[in-house]
Amino acid sequence: MATHSDLPLLLLMTLAKVVVVLGVLLTAIAYIVWMERKVVAHIQSRWGPYLVGPHGLLQPLADALKFLFKEDIVPDEVDRPIFWLAPLLAFTLAFLSISVIPFGESITIAGHTIPLQITDLNVGLLFVLAVTSLGVYGVALAGWSSNSKFPLFGGLRSSAQLISYELSLGLAVVSVVLIAGSLSLREIVEQQRGLWNICKQPLGFLLYFTAAVAETNRTPFDLPEAEAELVGGYHTEYSSFKFAMFFMAEYANMVTVSCLATSLFFGGWLGPVFGPPLVRSLLPVLWFALKVLAFLFVYIWIRGTLPRFRYDQLMGFGWRVMLPVALLNVLGTSLIVAWRSV
Amino acid sequence: MLEAYLPVLVHFLVVLALGLIILGLSAWVGVKRPSPEKLAPYECGMPPVGDARERFSISFYLVGMLFILFDVEVAFLFPWAVVYKSLKWPGFLEMFLYIAILLAGYLYIWKKGALDWSR
Amino acid sequence: MIAPLFYIFAGLAIVAALSVVLQRTPVYSALSLILVLCSLAVIYLLLGAQFLAVIQVIVYAGAIMVLFVFVIMLLNARQESPTDHSLFARRLGLPLLAVFLAEVIFVVVGHFSGTVFAAGATFDGGPGAVGGLLFRNYVLPFEVTSILILVAVMGAVVLAKKQL
């Protein structure tokens, strides 16, 4: 139990970490959007954003300002409280799970050793899953409260999609827990010092990443916003910054999912470390960031390459391929772990 | 133990405040020029037809039900996986039996066509 | 530190629970119920039951309530209209409510002591502890759960697909 003297210190340190992490996350999101537009443009032999700043580097800032000053249209007959609540919920939950992700080992400032993680929970992994499982409501409520046909169908489809792939996501993660014997993300990373989990769990990783792409509503699973049939999906009626909140939530979820993939399968912050103490404590953060960035690039690459599933294919794939394969992967992993520990 | 959870609360409150500030700010500075057409639900430019909140396919309801049941199963897998290394073979048999029984249920819903969305 | 947090979240749970009953729009009731379940999760946490707290959110707030919301959307449930004042509620409900309240007050007053809050510091309800108990001491109930889920799976399909 924290004694009363170090409680204010803990709170202050936490607040500082939260502000830094959120600042980095928001900036990262802005530039992932820029990166996405650039990469997809180059895949399609276009230039992408080019006018605002050198190579369009100030585009995210311009976008944010535009969103802020756009008219915030609240259509008649929407359910106003829930119409407001839905984007807030999506935003809050999307930015919440980052709190248990370890992005480095620890740093020593003025005699205090500060772990580079907002907090390490011994149910950390389950905490991320719990927050993810609540994310359905942002989508479902946005669709319902809009009182319009496209959002309703979009919201409904996407909630059904989210819950279906959540099962495979959970099962894919269980196999990592079997190897690590812990739900604390820090311990899971530490335990990969010898060999990254990707070598032990290639199938588990494939399942995780597929489910994660579906959970974040990205191509080829971006049915909720299949513009050809559903216009904008659940956020059709949203405009101005309320729309931007959903947009930011989607990218924040992408970052979280990539961070989790890095921590669970690619050794988190682990990597070669050298040099003076300060460099020593900051290099892991760099490795972590580079690994996460690689995942985000794969996300964008997939979007530029693959066509979209049909809805019945999507649900069929989730329930008839992902779920049984993930279940068998858990059994297979447990068999091997039991064999080796005898 | 509890002080590990306090930062989560702090983080949650900061994020919530941030969200509220952004929403409030955009509602405050954004232009407001409403018109009946703008405020109508979007239906590809046509005047809206009928009520938006229609009843829809039972499949969505079924998928919700099945999700709960399999989610409970996954919930049991986590504590099992954490202590698995100390349980060894008895642990494997316990979970094998459990999953086998649930696989029977899974095969049943597959046979019944509950997982077929093209119908 | 624990006591003020307990009072905040217990208060939140009670207010949200009242809102579940008093709201006329079903979706609002469902949302309030989600809030109740999340506050309960925090109270579990304060008691040291960390694993139970996250599972509470995953299973109750994140799965069961999703089905509730689906059903409300499915049935296109609108505002409730107040029913005729039922005699059953007045003749039986109110006395039963009074008895129940008296019972709760009796238990709380009779057994309350200041030590309750201290539990969080000593009790380990982490995933390891739960797993150890569940898979060593309570294997049979665990296995029986699978049959329970099997029956529920079959029931769900039979109810939803009568024509098959």
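How far apart should the ends of helix H11 of chain A be at 1.5 Å a residue, and how far apart are its end C-alpha atoms? Helix H11 (residues 240-265) of chain A has 26 residues and should span 38 Å, and its end C-alpha atoms are indeed 38 Å apart, so the two agree. The expected span here is 1.5 Å times one less than the number of residues in the helix.

A word on the ground rules: this is a predicted model, in which local features need pLDDT of at least 70 and side-chain atom pairs count only at pLDDT 80 or more, while totals for chains, interfaces and linings use all residues. Residues are numbered from 1 along each chain as its sequence is written, and chains are lettered from A and ligands numbered from 1 in the order in which they are written. Helices (H or I, at least four residues) and strands (E, at least two) are DSSP runs, numbered from the N terminus.

**Confidence**

The model scores ipTM 0.89 and pTM 0.90. Chain C has a mean pLDDT (the predictor's confidence in each residue, from 0 to 100) of 84, with 85% of its residues at 70 or more. Within chain C, helix H2 (residues 26-46) has the highest confidence, at a mean of 92, and helix H5 (residues 119-122) the lowest, at 55.

**Burial and the core**

Back to H11(A): 26 of its 26 residues are buried, that is, 20 or more other C-beta atoms lie within 10 Å of their own, with C-beta atoms placed from the backbone. After H11(A) comes A:Gly267, which has a positive phi near 70 degrees. Chain B, with two helices and zero strands, has 39% of its 119 residues buried.

The largest nonpolar core (buried Ala, Val, Leu, Ile, Met, Phe, Trp, Tyr and Cys residues joined through C-beta atoms within 7 Å) has 181 residues. Those with the most contacts inside this core include A:Tyr208, A:Ala261, B:Leu66 and C:Val54. Helix H2 (residues 58-111) of chain B gives the largest share of the core, 26 residues. Leaving aside neighbours within four places in sequence, A:Tyr208 is in contact with A:Leu169, A:Ala172, A:Val173 and A:Ala261; contact means that C-beta atoms, placed from the backbone, lie within 7 Å.

**Where chain A meets its partners**

Residue classes follow a simple split: Ala, Val, Leu, Ile, Met, Phe, Trp, Tyr, Cys and Pro are nonpolar, Asp, Glu, Lys and Arg charged, and the others, Gly among them, polar.

| Contact | Residues from chain A | Residues from partner |
|---|---|---|
| Chains A and B | 66 residues | 58 residues from chain B |
| Chains A and C | 18 residues | 16 residues from chain C |

On the side of chain A that touches chain B, the largest share, 14 residues, comes from H13(A). By class, that side has 41 nonpolar, 15 polar and 10 charged residues.

On the side of chain A that touches chain C, helix H4 (124-134), helix H5 (136-145) and helix H6 (149-180) of chain A each supply at least two residues. H4(A) gives the largest share, six residues. This side has 15 nonpolar, three polar and no charged residues.

**Domains**

Domain bounds come from an automatic or database domain assignment. Chain A is divided into domain 1 (28-69) and domain 2 (72-341), with C-alpha centres 23 Å apart. Between them, 11 residues of domain 1 of chain A are in contact with 11 residues of domain 2 of chain A. H1(A) supplies the largest share of the domain 1 side, nine residues.

Key. Contact = placed C-beta atoms within 7 Å. Buried ≥ 20, exposed ≤ 12 C-beta atoms within 10 Å, placed from the backbone.
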